Each structure stands twice: as C-alpha cells, then as structure tokens.
Amino acid sequence: MVFLTNLLFGFVLAAFCYAMVSARTRRQLLALAVAGALAVALLGPPPAQAQGSLVTAIQSVLNVINGLIKTALNSINSVRTALSNLYQQATWPVALINQAKANVTQMIGQYRGLMQSIFTIDLKSATLPNPAALEAVMRNHQTSDFTSLTSSFGNTYGAVPNAATVSLADRTMMDMDDALAVDNLKTLKESDAADDLTLRAADNIENAASQAAPGSAPFLTATAVVASIQSQALTQKMLAAELRQEAAKLAHENALRKRGATLTGDVNTQILNLLQRK
Amino acid sequence: MKNAIASVKQGLWWIWRHKVRTVVLLLVFSFLVPGPVRSQFLDPCCAILATGLSTISSTLSSVIGGGLNSILSVEKNISNFEQTVVWPQKLIAQAQSLVGNVQGIFNQIQGVMRVPVNSASLPATQQFEQNLLSRDPNQIAQTSAQYTAVYGAVPNPTAASPQTRDMVDMTDAAAQAAMKRAIEIDALADLELQAADQINQSIQTAAPGSAPIIEAQADAWLVRANAYTQSATADLMRVRAIDLANASANVKNGAANTAAIQQQIYNLLKRQ
C-alpha cells in the first residue's frame with residue numbers, strides 16, 4: 001500500500017514538473033502554480049506539537065488515573081468489602097449458622113426419643129379373648145391383615161343374622177352399620193401406618209436441617225410444606241371417614257324414627273279397628 | 001568536457017529565461033522534501049514521552065493494578081464464602097436427594113391409603129358402600145337413591161305427623177349431604193396428593209434461588225388444603241348439630257305426647 005502511494009506520488013510529481021517545464025503560456029503556468037500550492041497545502045503533514053502540550057497530556061492522563069479511576073476503584077473496593085462483611089457478619093454469620101444447626105441437633109436429642117416413647121405406650125385395655133383380639137388387630141398399624149380384623153369384629157359384635165330370622169330392613173341396616181364401622185377401623189389402620197411414615201418423613205427433614213446450609217434450607221422448607229399438604233390430605237381422608245360414620249349413625253337413628261312412625265301408625269289403626277268392633 | 005560546460009550554460013540560460021517556473025518548482029520541491037528523523041536519544045520530546053509513559057505505566061500498575069487486586073481479593077473471599085458456607089453444592093445436592101426420599105415415603109403412604117376397605121355383604125349395602133368409598137364426584141348423583149334403598153324413605157303423610165316427617169327429612173338430608181361431602185373430600189384429597197407429587201418433583205430440579213418460589217406455591221396449596229379440611233369439619237359439625245336437634249325434638253315430642261295422653265285420660269275419666 002505504501003509502495004503504491006509512493007509510486008503514485010512520484011508519478012504526480014513528475015507530471016507536475018513536466019507540465020511546469022513545458023507550459024507555453026503564462027495562464028497555464030499560473031494554473032499549475034495554483035494547483036501545486038493547493039496540493040502542498042492539502043497533502044502537507046500537520047505542524048508538530050510543542051513539547052509543552054505533550055507534558056500536559058501525560059499529566060492529564062496521570063491525573064485521571066490518580067483521581068477519577070483511583071477513587072472509583074477505592075469506592076468499588078469499599079462497597080464490596082462492606083458487602084462481604086454484611087454477608088459474613090449480619091446475613092450469614094457462620095457462628096449463628098452453626099449454632100442453629102447445633103440447636104436442631106440438640107432438640108432432636110431432647111424431644112425425639114421422649115415423644116416416641118410417649119407415642120408408643122401400649123393403650124390396649126380389653127380383657128376378654130374376643131375383644132382383646134379385635135383390639136390387637138385394630139391397633140397394630142398393619143394394612144395386610146384386614147381379613148383378621150373382619151373376623152375379629154364378627155367374633156366380638158356377631159354376624160348379620162340370617163334372612164329367616166330378621167326383616168330385610170333390619171338386615172340391611174345392620175350390614176350397613178357393620179360395614180361402615182369395619183371400613184373405618186380399616187381406614188384407621190391405614191391412617192396409623194401413614195402416621196408412622198409421616199413421622200419418619202418429619203425425622204428425615206429434621207435430620208437434614210441439622211446439616212443444612214442457608215442455600216440448601218429452602219429445599220427442606222419447600223419439601224416440609226409439601227409434606228404438610230400431604231398430611232393435610234390424609235387428615236381430610238380421615239375426616240371424610242368420620243363424616244361417613246356420623247352420617248350413618250344419624251341415618252340409622254332416622255331409620256328407626258321412620259320405622260317407629262310407621263309402627264305407631266299401624267298400632268293406632270289396629271286400636272281403632274278393635275274399638276270399632278266393640 | 002566542453003559538452004558538459006555547454007549543457008550547464010544552456011540550463012542556466014533556461015533558468016534565466018523561466019524564472020517564475022524555476023521558483024515554483026523550487027518551492028514545490030522544498031515543501032515535498034522529507035523532514036529529518038528525530039533521534040530517540042538526543043530529542044528532548046522523546047525523553048519526555050518515555051518518562052511520561054513510564055510514569056503512566058507505574059501508576060497503572062500501582063493504582064489500577066493494586067485497586068483491582070484488592071477488589072479481586074474481596075471478590076474471591078465473597079465467592080469462597082458463598083460456595084462453602086451459603087450455597088455449598090454438596091449440601092444442596094443432599095437436600096435435593098432428601099426431597100426424593102420424602103417423596104418415596106409419601107408414595108408408600110399413598111399405597112397404604114389405597115388398600116380397599118369395603119366390608120358390606122348384602123347387594124344394596126355393597127352398592128351403597130361402593131358409592132361412598134368411590135372418591136368419584138360423578139357418583140354423587142346416585143348417592144340419594146342408594147341411601148333410600150338402605151335407610152328407607154320419608155314416611156307418607158298418613159303414616160307420620162308433619163313434625164315427624166320434617167324431622168326425618170331434615171335428618172336424611174344432613175346425613176346424605178355429609179356422605180356426599182365425604183366423597184368430595186376424598187376426591188379433593190387425591191388431587192392434593194397428586195399436586196404435592198408434582199410440587200415435590202419441581203423441588204428436586206429447582207435451584208436455591210427458585211426453591212422459595214415453589215415453596216410459596218406449596219404454601220398456597222397448604223392454605224387451600226386447610227380450607228377443605230375446614231369445610232369437612234363444618235359438615236361434621238352440621239351432622240352433630242342435627243343429631244343434637246333431633247335429641248331435643250325427641251324431648252319436645254315426648255312432652256307434647258305426655259300432655260296429650262294426660263288430656264285423653266282426663267277426658268276418659270270425665271266420661272265415666
């Protein structure tokens with residue numbers, strides 16, 4: 001590129017010299033002189049700067065570095081240091097984090113065994129063989145022995161009588177009452193087993209909390225909330241079972257009331273018939 | 001030699017004749033002659049430049065380099081603190097695996113709660129029990145008919161007094177509503193368990209910064225679940241209130257019947 005530029009410059013200069021030498025009129029000469037002056041004025045190098053302005057420029061760069069940039073860097077440094085101190089001393093002080101974890105561990109030791117021993121106290125109180133068997137199967141937290149529950153319930157409370165011995169209405173009501181009672185006893189066994197598992201989940205979450213970091217704790221709180229939802233759903237299932245049971249009790253009493261009303265009507269009619277015969 | 005002298009003379013003669021052209025050419029050449037190169041050692045401008053650049057370099061090293069190094073050290077300190085104390089990757093992974101573990105426990109619970117509990121033995125009661133335990137809100141439409149099949153209908157006006165019929169109807173209504181609510185609550189509880197599963201899966205793939213958002217959603221679900229529990233409790237209270245009202249109505253009817261019997265005995269005695 002530089003070579004080409006030099007070549008072009010030499011060519012233009014030679015052309016200019018030739019034109020100056022071979023110009024015939026004064027007007028041509030004047031035009032060439034003006035063109036040369038313009039070319040020199042336009043293509044000539046800029047005037048050199050004085051030494052004084054170079055020193056000023058260097059000094060101004062130094063001033064910028066020592067003033068603006070230094071101040072900015074110092075400010076950034078002090079802000080980051082303050083932030084670091086805030087994190088380590090106020091937001092996440094290691095001593096308090098360790099203290100919280102130690103607290104969790106201490107409370108696990110203080111309460112878990114005690115509560116478990118209270119919760120596992122044997123509540124069975126039946127004295128006779130049939131009720132004792134029913135009570136044992138009712139309270140064993142197992143869901144694989146529903147058949148024994150049904151047979152123990154039958155042994156204690158008796159089976160639904162034969163069709164020949166009672167009315168259909170009575171048999172139906174007895175069967176429904178027994179069914180709902182046994183359903184609920186089975187649901188309670190499921191719920192006992194679910195309680196054991198829920199307590200295990202709570203223990204696991206608490207164990208994890210004793211080793212957690214501030215950044216991992218949100219996972220534990222979130223899963224604890226989810227466990228609460230699930231636990232609430234189980235409570236709802238128990239409430240639904242209780243609702244069925246209470247409603248069946250009410251329906252049973254009401255069925256007796258209906259029958260009583262019908263019987264009273266029948267008795268009234270029979271007394272009236274008797275009196276009319278006399 | 002003679003030729004050379006003659007040529008010089010001829011050239012000088014040309015210059016003498018073309019003074020203007022010669023001056024213009026000399027001026028152009030003088031402007032275009034390259035300037036002298038300045039020496040690095042002798043030119044004071046270069047020395048000043050060198051000193052200035054050296055000062056700038058040392059200032060950059062001390063002021064900017066030093067400042068940046070201090071900031072880097074603070075940043076490293078913060079980064080190290082955050083990685084080891086606040087958000088340690090290992091503990092985050094442990095917490096995420098615990099979420100999976102808790103989910104496993106609740107899957108077991110769901111399995112336990114799905115073991116069938118139906119126990120009725122007669123056709124009508126079996127059908128009614130199946131309806132009550134169905135956890136299917138679409139089956140609520142059949143509950144009333146099946147209830148009547150098991151517990152009977154409201155007596156005819158000829159068979160019972162209006163008060164008794166009102167009481168029977170109200171009691172049946174409360175019992176049926178409670179049974180229907182039980183089906184609803186079972187279905188809602190199933191949906192809550194399903195949602196809880198989904199939320200737990202989200203937590204397992206969450207970041208420490210996004211976990212609180214999922215927690216907020218879980219909190220909202222918990223509030224909702226509490227509302228459903230309250231609704232079930234309300235229905236339970238309604239059933240018990242109707243039971244209490246029935247007990248009271250029985251006493252009232254008993255009192256009214258006693259008064260009526262007394263009146264009839266009195267009338268009988270007066271006739272004799």
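Select chain A to begin, and colour it by secondary structure: the program's assignment comes to eight helices and zero strands, and reading along the sequence gives the pattern α-α-α-α-α-α-α-α. Please keep in mind throughout the tour that this is a predicted model.

**The outline of chain A**

Keep chain A selected and turn the view until its greatest extent lies across the screen, since the C-alpha trace spans about 170 × 55 × 35 Å along its principal axes. A compact globule of 278 residues would have a radius of gyration near 19 Å, whereas the value for chain A is 51 Å. Of the 278 residues in chain A, 27% are buried. If you look at contacts in chain A between residues at least 6 apart in sequence, 58% of them join residues at least 24 apart.

**Helices 5 and 6 of chain A**

Next select residues 129-138, which form helix 5 of chain A, together with residues 146-157, which form helix 6 of chain A. Two packed helices are described by the angle between their axes and the distance between the axes. For helix 5 and helix 6 of chain A the angle is about 150 degrees, and the axes are 9 Å apart. Because angles over 145 degrees count as roughly antiparallel, helix 5 and helix 6 of chain A are described as roughly antiparallel to each other. Their crossing is left-handed.

Which residues of helix 5 of chain A meet residues in helix 6 of chain A? Show side chains for A:Asn130, A:Pro131, A:Ala133, A:Leu134, A:Val137 and A:Met138 on the helix 5 side, and then for A:Ser148, A:Leu149, A:Ser152, A:Phe153, A:Asn155 and A:Thr156 on the helix 6 side. When the residues of this contact between helix 5 and helix 6 of chain A are sorted by class, they divide into seven nonpolar, five polar and no charged.

**Helices 7 and 8 of chain A**

Now move along the chain and select helix 7 of chain A, residues 168-209, and then add helix 8 of chain A, residues 217-277. These two helices pack at an angle of about 165 degrees, with their axes 10 Å apart, and helix 7 of chain A is therefore roughly antiparallel to helix 8 of chain A. Helix 7 of chain A passes helix 8 of chain A in a left-handed crossing. By class, the contact of helix 7 with helix 8 of chain A has 16 nonpolar, eight polar and two charged residues.

**A stop at A:Thr198**

Within helix 7 of chain A, select A:Thr198. Is A:Thr198 buried or exposed? A residue counts as buried if 20 or more other C-beta atoms lie within 10 Å of its own, and A:Thr198 has 20 C-beta neighbours inside 10 Å, so A:Thr198 counts as buried. Leaving aside residues up to four places away in sequence, A:Thr198 touches A:Ser231 and B:Ile109. You can also draw a C-alpha to C-alpha distance from A:Thr198 to A:Gln230, which is 9.1 Å, although the two residues are 32 residues apart in sequence.

**Across to chain B**

The contact with B:Ile109 leads on to the second chain, so bring chain B into view. In the contact between the chains, 108 residues of chain B meet 99 residues of chain A. Several elements give two or more residues to the side of chain B that touches chain A, including helix 2 (19-32), helix 4 (89-113) and helix 8 (211-271) of chain B. Helix 3 of chain B gives the most to that side, with 22 residues. Sorted by class, the side of chain B that touches chain A has 74 nonpolar, 22 polar and 12 charged residues.

Select chain B on its own, and you will find eight helices and zero strands, in the pattern α-α-α-α-α-α-α-α along the sequence. The radius of gyration of chain B is 53 Å, well over the 19 Å that the globule rule gives for 272 residues, so chain B is more spread out than a compact globule. The C-alpha trace of chain B spans about 195 × 50 × 40 Å along its principal axes, and buried residues make up 26% of the 272 residues.

**Last stop: B:Ser144**

Finally, select B:Ser144, which lies in helix 6 of chain B. B:Ser144 is partly exposed, with 15 other C-beta atoms within 10 Å. A C-alpha to C-alpha line drawn from B:Ser144 to B:Asn200 covers 38 Å, and the two residues are 56 residues apart in sequence.

Technical notes. Residues numbered from 1 in each chain as written. Chains lettered and ligands numbered in written order. Predicted model: local features only at pLDDT ≥ 70, side-chain atom pairs only at ≥ 80, totals over all residues. Helix = DSSP H or I, 4+ residues; strand = E, 2+ residues; numbered from the N terminus. Buried ≥ 20, exposed ≤ 12 C-beta atoms within 10 Å, placed from the backbone. Contact = placed C-beta atoms within 7 Å. Axes fitted to C-alpha atoms, helices over the stretch in contact; angles between N-to-C directions. Parallel < 35°, antiparallel > 145°, perpendicular 65-115°, else oblique. Left-handed = near helix turned anticlockwise from the far one by under 90°. Nonpolar A, V, L, I, M, F, W, Y, C, P; charged D, E, K, R; others polar. Rg over C-alpha atoms; globule rule 2.2 N^0.38 Å.
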